[in-house]
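The exercises below are meant to be worked through with the sequence and the model side by side. Try each task on your own before you read its solution.

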Amino acid sequence: MATIINSVSFENFYNYYGSYDHNEYKFKLGVNIVNADNNMGKSKFYNGFMWLFRDQVYDSDIKAFTDANESLVRMASGKAKAENDKFKVGFRVIFSNDNVLYSVEKYALFKHVDGELSHSESQLSIMETKNNADNPILDRNDQQDILNRVFIPLALRNYALLQGESMDRLVDLSQKKALSDTIDTLAGISVLKGICEISKKLAKRAEDLYQIKDSENSENDTAKQRDKDKRNRTQQLIENAKTEIEAANDEISAAKIQKEQLDAYISNSSKRIEIRSQLDQNSISINNEKEKIRKIEQSITGMIFDEENPLLLMGLTDELDAFDERREKHIGELAQMNNDNTLVIMLPEGSPDTSSLERMLKNEVCEVCGQPAEMHSEAWNHIKMILDRPKKISTTRNDFGHFYGALQKTASSYSRNIPKIEGKIESVKEQLDRAKENLNELEARHDDILTQLNNAGGNADNSEFNDKAIISDYDTVNTTISTKEREISSKQSMIVTWTDSLSAIMRRLASYKKNTAIQKYEDFAIMMKAIDDVIRQTKDDIFNCTIESLAKEANEKYKALTKGNQVSGGQLRFVRDHDIVNVSIRDVQNGEITGLGTGFQRMKQLAIVMAIISSKIGNEKKFDYPFISDAPFSEFGPNFITNFFDVAPSVFSQSIILIKELYDPNADDYLTSHGRKILQEMKNGDIPGTFYVNVIDEKADTTGLITSHKCYKY
Amino acid sequence: MDGKEIFKEILKSPKLKELVGVPETEEIKEDYDSQSQRREITVIRSIIEGQLRHTSDDGIFRNIKTLFDL
């Protein structure tokens with residue numbers, strides 16, 4: 001009863017411009033690859049299915065699903081909108097199931113009216129072809145029935161249609177019940193559970209019917225009526241006790257799950273205390289080292305102006321000699337003085353002396369330039385000003401002498417220390433570097449200790465107080481488990497006692513004479529009860545068998561999918577606790593592995609799903625419906641992709657994989673070497689299926705983009 | 001699992017063998033698509049069919065009662 005997609009085609013759907021015939025992908029059993037670069041129609045292809053099943057499309061701009069009817073204009077090909085007055089936007093899929101061929105089309109009609117583009121709502125059309133006879137399915141309910149039951153059943157759709165990251169949500173392993181639900185759905189146990197529920201209800205109704213008939217018949221028999229009342233009360237007591245046991249079992253299951261989580265914390269609590277002590281010690285050392293650095297840096301400022309040996313003088317070793325030289329020169333200049341101790345005014349060479357100036361004034365002629373200098377004229381006044389310039393200097397030689405002398409005296413004591421400054425700076429720098437190096441080491445050690453703490457189940461924020469709270473929770477959980485176990489044991493022994501009483505009552509009741517009509521109802525009730533027991537037992541057997549098979553299959557699949565990886569992904573372990581199945585990844589020492597990368601986590605998810613499908617009871621151990629996945633390998637390397645294509649055909653009857661990892665825009669055939677290898681394997685028949693590559697004929701912006709495809713293998 | 005597979009699994013049940021008087025080492029020879037002379041088997045098939053066809057509990061119960069002339 002498998003569904004096989006024969007073809008998928010598009011008409012003016014996003015960048016799939018043109019008719020269905022132009023944009024048709026024919027598919028087969030096995031792996032069907034559509035290899036395309038970004039923006040070449042992978043998600044658009046996937047959106048066709050979203051439109052068909054959910055009336056939604058994924059809008060990559062806002063990274064969310066939107067109502068397809070509101071997005072129809074965006075869904076229409078830009079080229080169709082620009083060039084055609086009337087056109088159809090459509091998605092068509094032709095599939096077969098149980099020798100019946102179905103052609104399902106989702107479409108909307110567009111037309112330009114007065115320059116405005118208008119369109120119809122999305123419409124669905126289904127044609128059923130049986131024994132070469134076409135039968136259009138017009139009733140909406142019948143159409144939905146074909147989509148939701150025949151094509152890809154609703155319950156399986158989450159596993160059949162996957163887009164990128166949604167693989168992470170394939171099985172929510174954080175929810176303990178989720179795996180059980182997945183097993184129920186994929187291994188087909190849901191149907192069996194439903195049968196179980198019905199059978200239980202029917203057995204109860206048969207028993208009630210019998211009781212009513214029997215009561216009607218024995219109204220006048222007080223002894224029998226009394227026994228019946230007793231039986232009813234006892235049965236009720238047993239029923240109540242069973243319900244209480246079930247509730248207690250649920251509480252134990254919940255407590256055990258909590259205990260399992262706390263176990264990891266508890267087992268490492270002493271380790272965490274030790275690590276925290278190391279962490280505290282390390283924090284103190286870090287603070288000390290920071291304080292040391294702060295002090296060294298602060299001392300540098302003081303050392304620059306140090307009274308004994310200021311760093312400020314670094315490099316001034318020769319400056320004292322230069323100072324001496326300048327001073328000597330200055331003293332020489334001072335030595336040229338007049339007899340009256342006035343300074344000899346040093347005029348520029350060739351300047352006239354006092355007597356020449358007096359003569360020039362008297363003769364009213366400038367002897368420098370030969371021009372007349374009439375008395376009181378500007379030139380005459382200038383000569384007079386030069387003659388009358390002040391001759392006495394207000395400063396005294398002793399002022400400078402004292403100043404320079406004092407300076408030299410002070411400087412001479414520094415001069416001996418100046419050569420030592422470089423060494424001193426070097427030593428301070430060494431101290432500082434050492435302190436910073438220590439700080440770096442301490443901080444790196446801090447990170448290491450934090451990692452150790454994390455690995456031991458702690459973090460920087462939780463404290464020993466949390467550990468104490470954990471220990472307290474652990475005690476509470478253990479108390480709950482033991483209390484409830486005692487309660488169950490006590491109830492069970494009560495049930496045994498009541499069951500004994502019930503048997504005696506039943507024997508007495510059986511001894512009362514019954515008429516044939518009532519006997520029929522009793523036989524009916526007994527048989528319905530027996531059938532209910534049979535069905536329930538079968539369900540439990542199948543579930544157990546599935547889990548056993550699951551553990552084996554999942555590990556084989558996980559191993560096959562992670563084959564060739566450098567890092568070991570560990571072993572998957574499944575444990576059943578009543579109706580809940582727990583899964584974890586264990587290393588060779590049975591320790592739980594956490595923190596595996598996204599790739600590994602997705603492989604785990606996929607391995608589990610593949611394993612569940614392969615663990616189905618019955619002859620057909622494959623997924624009976626198409627597995628359609630858009631960009632499933634974004635976190636995977638080539639190794640995993642190869643492994644997937646090796647394993648997939650044995651699990652999925654048909655898969656359609658929209659992928660970009662095998663695409664090389666620079667290659668003539670648009671394939672990477674890995675893509676060529678897979679294509680060759682397909683051509684050799686090692687991998688069954690088809691291989692398509694999407695291409696863009698002309699570069700254009702998104703609205704004018706036209707995707708076409710090349711079929712490399714059919 | 002489809003109806004036939006579930007039916008096949010139920011037939012393996014030791015309790016059912018006991019109920020219909022077939023030794024545990026033997027198989028219950030019944031076919032899902034054929035009428036059975038055993039009422040237990042007919043009831044089981046009615047329940048499976050009822051679940052698969054989404055028949056109401058009342059409907060299934062009514063069908064089974066007729067097998068017992070009730």
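**Exercise 1.** Leaving aside its neighbours within four places in sequence, which residues is A:Leu202 in contact with?

*Solution.* Bear in mind first that this is a predicted model. Start at A:Leu202 and set aside the residues up to four places away from it in sequence; the contacts that remain are A:Met528 from chain A, together with B:Ile47, B:Ile60, B:Phe61 and B:Ile64 from chain B. Next, place this residue in its wider setting: the largest nonpolar core holds 121 residues, and among these A:Leu202 and A:Ala607 touch the most other members. The largest share of this core, 14 residues, is supplied by helix H15 of chain A, which covers residues 516–562. Finally, look for a core that lies apart from it, and you will find one of five residues, including A:Ile252, A:Ala255, A:Leu262 and A:Val477.

**Exercise 2.** Describe the secondary structure of chain B, and then set out the corresponding figures for chain A.

*Solution.* Begin with chain B, which has four helices and zero strands, so that its elements, read from the N terminus, run α-α-α-α. Of its 70 residues, 29% are buried. Turn then to chain A, where the count comes to 18 helices and 17 strands, and where 28% of the 714 residues are buried. As a last step, consider contacts between residues at least 6 apart in sequence: in chain A, 69% of them join residues at least 24 apart, whereas in chain B the share is 39%.

**Exercise 3.** How many residues does each chain bring to the contact between chain A and chain B?

*Solution.* Count each side separately, which gives 26 residues from chain A and 24 residues from chain B. On the side of chain B, the helices H1 (3–11), H2 (14–20), H3 (39–52) and H4 (57–67) each supply at least two residues, and the largest share, eight residues, comes from H3(B). Sorted by type, the residues on this side are 15 nonpolar, three polar and six charged.

**Exercise 4.** Which elements do the buried residues of H3(B) pack against?

*Solution.* First establish the dimensions of H3(B): it has 14 residues and reaches 20 Å from its first C-alpha to its last, close to the 20 Å expected. Then pick out its buried residues, among them B:Ile41, B:Ile44, B:Ile47 and B:Ile48. The buried residues of H3(B) pack against H7 (189–217) and H15 of chain A, and also against H1 and H4 of chain B. Just after H3(B), finally, B:His54 takes a positive phi of about 55 degrees.

Notes. Residues numbered from 1 in each chain as written. Chains lettered and ligands numbered in written order. Predicted model: local features only at pLDDT ≥ 70, side-chain atom pairs only at ≥ 80, totals over all residues. Contact = placed C-beta atoms within 7 Å. Nonpolar A, V, L, I, M, F, W, Y, C, P; charged D, E, K, R; others polar. Buried ≥ 20, exposed ≤ 12 C-beta atoms within 10 Å, placed from the backbone. Core = buried A, V, L, I, M, F, W, Y, C linked by C-beta atoms within 7 Å. Expected span 1.5 Å × (residues − 1).
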